[in-house]
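Student: I have a structure open in front of me and I would like to understand one part of it properly. Could you take me slowly through a single chain?

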Amino acid sequence: MVRAALALEDGTVFVGDSFGARGTVSGEVCFNTSMTGYQEILTDPSYRGQILAMTAPEIGTYGINETDVESDALQLSGFIVRHASRIASNFAATGTLNDYLLKAGIIGLTGIDTRALVRRLRMCGAMTGVLSTEVLDHSQLVALARSAPSLVGRDLVREVMPQTAREWTESLDDWSVPLEQPSEGGVYAAKPASPVGVAKHVVALHYGMKWNIARHLQSSGCRVTVLPGNASAADVLKHKPDGIFLSNGPGDPEALSSCVETVRLLLGKAPMFGICLGHQLLALACGAKTFKLKFGHRGANQPVMDLASGKVEITAQNHGFAVDEATLPAELIVTHRNLNDNTIEGLRHKTALAASVQYHPEAASGPHDAAYLFDRFRQMMG
Amino acid sequence: MPRRDDIHTILLIGSGPIVIGQACEFDYSGTQACKALREDGYRVVLVNSNPATIMTDPNTADRTYIEPLTWQMLEKVIEIERPDAVLPTLGGQTALNLAMELEQQGVLAKHGVEMIGAKAEAIRRGEDRELFKQTMRKINLETCRGRIVKSLPDARDVLAEIGLPAVIRPSFTLGGSGSGVAYNREEFDQKVQRGLDLSPIGEVLVEESILGWKEYEMEVMRDADDNAVVICSIENFDPCGVHTGDSITVAPALTLTDRQYQRMRDASFAVIRAIGVETGGSNIQFAVEPQTGRMIVIEMNPRVSRSSALASKATGFPIAKIAAKLAVGWRLHELSNDITQKTKACFEPSIDYIVVKVPRFAFEKFPEADSRLTTQMKSVGETMAIGRTFKEALQKALRGLEVGSFGLGCDGKDLWGTAAEPSLDDIRVRVSTPDPDRVWYLRYAIKAGMPLDELHALTGIDPWFLDQIQQIVEMESLLRTVGSLAAIDDALLREAKQTGFCDRQLAVLLGSSEMEVRFERRRRGIVATFKSVDTCAAEFEATTPYYYSTWEEEDETRPKPPGKKRVMILGGGPNRIGQGIEFDYCCCHASYALREMGIESVMVNSNPETVSTDYDTSDMLFFEPLTCEDVLNIADRIDPDGVIVQLGGQTPLNLARALSAAGLPIIGTSVDTIEQAEDREKFRELLDRLELKQPASGIARTLEQARREVARIGYPSLVRPSFVLGGRAMEICYDNVQFERYVAEAFAVAQGQPVLIDRFLEDAIEVDVDCICDGKDVIIAGVMEHIEEAGVHSGDSACAIPPHSLPPEVVAEIKAATSCLALRLGVVGLMNVQFAVKREEGKQTLYVIEVNPRASRTVPFVSKATGLSVAKVAVKVMAGMSLAEQGIDADPVPSHVSVKESVFPFVKFAGVDIVLGPEMRSTGEVMGVSECFSIAFAKSQIAAGILLPETGRIFLSVASPQAKEIMVVLARRLIDMGFELIATAGTARSLADAGIAVEVVKKLQEGHPNLLDHLIDGRVQLIFNTPRGKGARTDEGRIRAASVLYGVPCITTLPAAEACVRAMEALRTESLGVQAIQDRLLVTQASAVPS
């Protein structure tokens, strides 16, 4: 068994067994508390530049399949689990986790006290770390970790966005459509306005967009044109969008000044909806600031209240930065709030038709509770 | 919307006695609910017939009624207490059914009582199978194909549509009682008929078989604003076909992709919404076809359940407590998560460990019962283990089961490599049919070289689990190759521990001893670390000290606060017959007592059903198996100042010597004293010195010796193996033929230990005494006179406080003897003595049968009957506070009569003879309280589900001539009450001779119509049958077994028959009143003052 080690910039070292690819990588070390959905997480572009530890201890159990994919590549730098399954057990499985990482060149670390790592990150905050199967000397590895670049201020979007525009063609499959929820007594509630009729045209700015977002948009009655995240406002408007979507993406939003500028120019030109990084960009475009959370929100169990209805949805989240409430301009209204730490989870513009959420209504992986937001966006477009 | 202000008093219904399918988990949920509601200022009225519960302690609810759980009794409580609402979803199926009866009888409407948590309509939709299916259809969720029928011909029609194998489930039965799979037409007919009979509404569901499908459970909560969360997903290791209560289960679900899991989550919410459970917890079961992922809903429980107790312990999320809060209007996000305190209860726990639950069975007690596992639950208890990997958790759970196994083989019970090693053919058979031992046979299969594909095909168990077992076997092989403790390197030793191997297994594999392994690994710094159960996978700081052991780098236990003492309480492990909730009750009280004394209480237990494993019962909770190694590992970390072993039943007592030898400070009665009471020679000497009598007795190590001893002692004699619990293989022999048969069995069970032979005292009255001794003073907490004669296991007989027939001077003699024994033995804490009182030569002679210097099963009953918190006082004594210092200087004097009655699981084991004997077989108990014995006894019978008839026909059958004499007297009294009597020829003649009218019926072999036919036709309302012979093969045995099937009470001892007649007479003139124990205890305290 090949050994692998992780060093954090604070000098902590964890030594375990290697799985997947071999080599040396650096990145921001963070953790995700989802108990399912590792394949979607591995392919989520927002993890670019990060070494991710899963808190759930048995990972790889149901293997890898062809459908649970959120982009065309594995995006994170390194993957850490307590125990990686050597077999895949599920009717949908087409391969094992180990082979998946190996093929994608992602370094995996297994057999370490992941809970100790998570506690370290919780107490000390997110840290830069180095994961290696080559450098196992502790002090050398720690030195590498200390000299590795920090995530703050880096433009990671460039690394994950597409180079060209494309028309999206895929909708949600049966397995991913949230089951209709009945009201009391087993009767279906009135269905939302059916998305039949002329499809609305949405231009999605792709900063590292998860595919399930585009699938949701399509399934809620939209025609989706995907543009690279650095597309100009003029590029966007050229497509005559009925709605503009700002996607999720990796890294520090304040490093993306030209994107912010683009959003500012687009605001009010068409109904706008942003998710995660897109939410932060909208806030920045309106004059708010973002800040780095101590260790971020990554998981599938974050409770968020819809302040208008008072109802709580359990959400999938993946963000290390958040919008600073103290800097919120008067035209932005908080619509959703995190029940754990009260951070802003959703915003609405007072005058322009624009809204955004910090979390992931498209789930994949995670609960479907917030899927209604896609219908809301569809309704915003009239 | 905070709490509702329009309701003030809430009626909470408990679940009654412990039975298969309903155990301590409802004490846990009920106790949590009481606390939660009172915290919000509601007045809680509780009704439960089970005295061995924390919830029936006088300070748990505002008003507590230990009364039979019938709708009539509940109406009386409602009339007195005038509750605004009834919360029926926390007392298991019993409470749900009772609430529905109250509703149907119009009681709730009449008294303006609102059903909260779930409305009657929702309960009906969840419980009525046809309505449930319809509702599922409306929301486009699949259920099993098939339908409800009310007759056998209709059932056959369904069979034609769905084919064999088919599943049969009767409606509204507890724990799926009467459910089963039919593989052929004959079996189908039988099971349908039995199901129709068992179902209180005479209907059964006939369905397509989903045998071998993957089975899942979702624990869901919903609030009044329609916020819904999943608390825990559970995956069954055993696929569909085995009741989830009998399955090994795992949390979280491991073999579903997120997409598949989220679909199940969506479906769970759709179900709870469609059924209309407004607030609280529900449990929804799903089956998934492994090849396609096709998902169907099996059933839902619109209430908290055994699984929700498991989910609570598995995640740290207190489902019952939150369910109670939601029922009174709170919403999830308004409630805080106790464990983190900073976050809200509106979230879904994330767990960073694996939980494995393994059921515990009691088939050794019912050798005639079918031990194959089916869709009807048969297990009597369960253990849960937490580990960082599945392998670790599984092995931990297997050793926590306390069935002599220390993991997956490599222990004393391992057949591999022995002469009894199973062949591949045996293995094939054993793995194909689920039974309690199957998991160990999976290992044998792998060791025998069976490919996992074949093993999967035979068992339907998910390949992921099978691969895990293979990994354990691979580690075993690696360790065998290393071969010695000296040769093993640190890394492998650590990995072995992380794979769940305990020191005992390592000793076997490395040719060493458990203690040597322990010493060596500690020397190398390989020690257990403890991690928190925190609901959030360490994302937030946990404040609640709830821990499990693992073998990682970081330990999270907190250091001992300066100047504070810590005392460890060892619990009782999984419920089993003979050791259950009574001991958990004692352990909880130990914790309360220590807290009152300012001592940190540390609970160690592995039973997820219990109150003791609630995270706020003790200052620290370790969810761990009760083995020597596991306890020592905790002690290494927390450095206890004392360890209590006398409250958790036999489990901790068995560890006492080893723990003490390893240097742990056992407090209370010393280990030497405990052993002295068990050493027959030393004990006999002590009795001689105290001039106390004991029945003649002997010890035999060989069959020859046994024959010599029995010749000396004479018949009848009691034969039993030593060092065996609960009267296992204990039999009374009346002659040489019986002796030869039973002594052979006793030697077999004794496994090398001697066999004990005692003179059996026939027709003696048995008495149980519980006392507390501080070394100087003794308090007699309770003297219990048994109803059944000596020879019936004390755990199975009914008993009364105060004694109902013994003269005061005999009671005084009993008390004096008890005091002497306690003081001379040097007991510090609790002691239980069993006496027999036999009328010899015109006077009552006292014999000492047995002394146990530990908490007995009767401690909670005595506490409820007398108002003295027996366990608490005893623990304070153990912790160094004398009785005098506690201000206790007189024995409690109860102001009323309390009768304890036992409850049996016979209905789950079709065909088993129910006759009582020295082997304990009851699972639970109830209590009846009144001013007089006859009414208290009547209440105990009603509470135990024994329906004493008011009119009709009674079958009498007695064996001995003396018994016939007594029966004649009873028969007259029955005739006077207007009953008709029937009997078979022998008994009928005696009755006729005495001038009593009796109808003669045929014996079974005399053709038709015989007694069985009368039984089936409902012509018999009660059976008095004292046995001649035992066993399901005898005529009598068949009749008794049939009485269970047809729900006709069958009384098998004369004293019990006599008590029944008294009760029936009393019921004709007096009505049953109810009284809160808070009021009864006031009377007791008042009456105790003058003395």
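What follows is a close look at chain A, from its overall build down to single residues, with its contacts to chain B at the end.

Tutor: Happy to! Please keep in mind that this is a predicted model. Let's begin with the whole chain and then zoom in.

Chain A is built from ten helices and 21 strands. Along the principal axes, its C-alpha atoms fill a box of roughly 60 × 45 × 40 Å. How does its radius of gyration fit with that of a compact globule? For 382 residues, such a globule would have a value near 21 Å, and chain A has 20 Å, so the two agree. Burial adds to this picture: 59% of the 382 residues of chain A count as buried. The contacts tell you how the chain folds back on itself. Among contacts in chain A with a separation of 6 or more, 76% are between residues 24 or more positions apart.

Now for the division of the chain. Chain A is split into domain 1, which covers 3-147, and domain 2, which is made of 157-178 + 188-380. Taken over C-alpha atoms, the centres of these two domains of chain A are 27 Å apart. Where they meet, 24 residues of domain 1 are in contact with 24 residues of domain 2. On the domain 1 side, the elements of chain A that give two or more residues are β3 (24-32), α1 (38-42) and α3. Of these, β3(A) gives the most, with three residues. Sorted by class, the domain 1 side has eight nonpolar, eleven polar and five charged residues.

Next, let's pick out one strand and see how it is held. Strands of a sheet pair through backbone hydrogen bonds, and the pairing can be parallel or antiparallel. A good strand to follow is β8 of chain A, residues 107-110. Which strands does it pair with? One is β2 of chain A, residues 13-20, which pairs with β8(A) in the antiparallel sense over four bridges. In this pairing, A:Phe19 stands opposite A:Gly108. Another is β6 of chain A, residues 78-81, which is joined to β8(A) by four bridges and runs parallel to it. There you can find A:Val81, whose bridge partner in β8(A) is A:Thr110.

Now look at which way the residues of β8(A) point. A:Ile107 and A:Leu109 point one way, whereas A:Gly108 and A:Thr110 point the other way. Are these residues buried or exposed? All four are buried.

Two spots in the backbone also deserve a visit. The first is A:Cys276, in the loop between β16 (272-275) and α9 (277-285) of chain A. Its phi is near 60°, a positive value in a residue other than glycine. Why does A:Cys276 count as buried? A residue is buried if 20 or more other C-beta atoms lie within 10 Å of its own, and A:Cys276 is buried because it has 31 of them within that distance.

The second spot is the peptide bond from A:Ala364 to A:Ser365, which is cis, with omega near 0°. To find this place, look in the loop between β21 (354-357) and α10 (372-380) of chain A, where A:Ser365 lies.

Finally, let's step outward to the partner chain. How many residues of chain A are in contact with chain B? There are 51 of them, and they are in contact with 54 residues of chain B. The elements that give two or more residues to the chain A side are α3 (114-124), β11 (182-183), β17 (290-306) and β18 (311-323). Among them, α3(A) gives the most, with five residues. By class, the chain A side has 20 nonpolar, 21 polar and ten charged residues.

Did you notice a name coming back? The helix α3(A) is listed on the side of domain 1 that touches domain 2, and α3(A) also appears on the side of chain A that touches chain B. When you turn the model, you could start from α3(A), residues 114-124, and then find β8(A), residues 107-110, with its buried residues.

Technical notes. Residues numbered from 1 in each chain as written. Chains lettered and ligands numbered in written order. Predicted model: local features only at pLDDT ≥ 70, side-chain atom pairs only at ≥ 80, totals over all residues. Contact = placed C-beta atoms within 7 Å. Nonpolar A, V, L, I, M, F, W, Y, C, P; charged D, E, K, R; others polar. Buried ≥ 20, exposed ≤ 12 C-beta atoms within 10 Å, placed from the backbone. Pairing = 2+ DSSP bridges. Rg over C-alpha atoms; globule rule 2.2 N^0.38 Å. Domains from an automatic or database assignment.
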